[in-house]
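Here is a walk through one model, from its core to its empty spaces. Have the structure open while you read.

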Amino acid sequence: MVAGCNDAQARLVPRDRIVNDAIPAPLTSTPGDAEAGANVFASRGGGHCVLCHQVDGLDAPFQGNVGPVLTDVGSRLSPGQIRLRIVDYELIRPGVLMPSYYRTHNLYQVSEAEAGRPVLPAQSVEDLVAYLSNLKD
């Protein structure tokens, strides 16, 4: 069964927390853990970011080449910019293929069991932000 979410639903991250192309404030009061973020990045049960992205030196087989290489993303983007891209990259690039990992509104082809739930919990987003922010050249 397919369920859709409409814009009338509450946003997990209200628009007033988005500043330009970033979400400057963390989603949780617990700081992100870079080691846990590396696991979320590589694991199939987490974000499985390696399906599309590559990080030089990461011990993960079959890294993807659909999305940009993220080896030095921490040098190019602030933690807030990384956070927004994980939360809902469509706000920056409408129609992008990257999933919105922390959005529950305006989604299509979502099973009833998953409706209203983000792909990743807030702490996993923060762990990913910590990991990716540390990737610098």
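Leaving aside neighbours within four places in sequence, which residues is Glu-126 in contact with? The partners are Pro-26, Leu-27, Thr-28, Gly-32 and Arg-83. Glu-126 sits in helix α4, and at 4% relative accessibility it counts as buried, because the cut-off for that is under 20%. Keep in mind throughout that this is a predicted model.

**The core**

Helix α4 turns up again in the largest nonpolar core, which has 28 residues. Phe-41, Ile-86, Val-125, Tyr-131 and Leu-132 are the ones with the most contacts inside that core. Three elements give two or more residues to it: α1 (34-42), α3 (79-88) and α4 (122-133). The largest share comes from α4, with six residues.

Two of those core residues also meet as rings. Searching the whole structure turns up one aromatic pair. Its members are Phe-41 and Tyr-131, with ring centres 5.6 Å apart and planes at 55 degrees, so the pair counts as tilted. Phe-41 belongs to helix α1 and Tyr-131 to helix α4, so the pair ties together parts that are 90 residues apart in sequence. Both Phe-41 and Tyr-131 are buried. Not counting residues up to four places away in sequence, Tyr-131 touches Ala-34, Gly-37, Ala-38, Phe-41, Val-55 and Leu-58.

**Helix α3**

How many of the 10 residues of α3 are buried? Nine are, so you can call this helix mostly covered. The buried ones are Gly-80, Gln-81, Ile-82, Arg-83, Leu-84, Arg-85, Ile-86, Val-87 and Asp-88. Arg-83, then, is a buried residue of α3 as well as a contact of Glu-126. The cover over the buried part of α3 includes α2 and α4.

**Empty space**

Now for the gaps. The count comes to one cavity of 30 Å³ or more, and there is a largest pocket to look at too. Here they are together:

| Space | Volume | Lining residues nearest the centre | Lining make-up |
|---|---|---|---|
| Largest cavity | about 90 Å³ | Val-13, Val-87, Asp-88, Tyr-102 and His-105 | eight nonpolar, two polar and three charged residues |
| Largest pocket | about 600 Å³ | His-53, Gly-67, Pro-68, Tyr-89 and Met-98 | 19 nonpolar, five polar and three charged residues |

In total, 13 residues line the largest cavity, while 27 line the largest pocket. Val-87 and Asp-88, among the residues nearest the cavity centre, are also buried residues of α3. As for the pocket, α2 (73-76), α3 and α4 each supply at least two residues of the lining. The largest share there, three residues, comes from α3.

**A proline in a loop**

One last stop is Pro-118, found in the loop between α3 and α4. Is Pro-118 buried or partly exposed? At 24% relative accessibility, it counts as partly exposed. Its C-alpha is 5.6 Å from that of Arg-103, although the two are 15 residues apart in sequence. Setting aside residues up to four places away in sequence, Pro-118 touches Leu-12, Tyr-101, Tyr-102, Arg-103 and Thr-104. You have met one of these already: Tyr-102 is among the lining residues that lie nearest the centre of the largest cavity.

Technical notes. Residues are numbered from 1 along each chain as its sequence is written. This is a predicted model: local features need pLDDT of at least 70, side-chain atom pairs count only at pLDDT 80 or more; totals for chains, interfaces and linings use all residues. Side-chain values use heavy atoms; hydrogens and water are left out. A nonpolar core is a set of buried Ala, Val, Leu, Ile, Met, Phe, Trp, Tyr and Cys residues joined through side-chain atoms within 4.5 Å. Buried means under 20% relative accessible area, exposed over 50%, partly exposed in between (1.4 Å probe, protein chains only). Helices (H or I, at least four residues) and strands (E, at least two) are DSSP runs, numbered from the N terminus. Contact means heavy atoms within 4.5 Å. On a 1 Å grid over the protein atoms alone, a cavity is a set of points where a 1.4 Å probe fits but cannot get out, and a pocket is an open set with protein on both sides within 12 Å along at least five of seven lines; lining residues have an atom within 4 Å of a point. Grid points are joined across faces, edges and corners, and a volume is the space filled by probe spheres set on the points. Ala, Val, Leu, Ile, Met, Phe, Trp, Tyr, Cys and Pro count as nonpolar, Asp, Glu, Lys and Arg as charged, and the others, Gly among them, as polar. Rings of Phe, Tyr and Trp (its six-membered ring) pair if their centres lie within 6.5 Å; planes under 30 degrees apart count as stacked, over 60 as edge-to-face and the rest as tilted.
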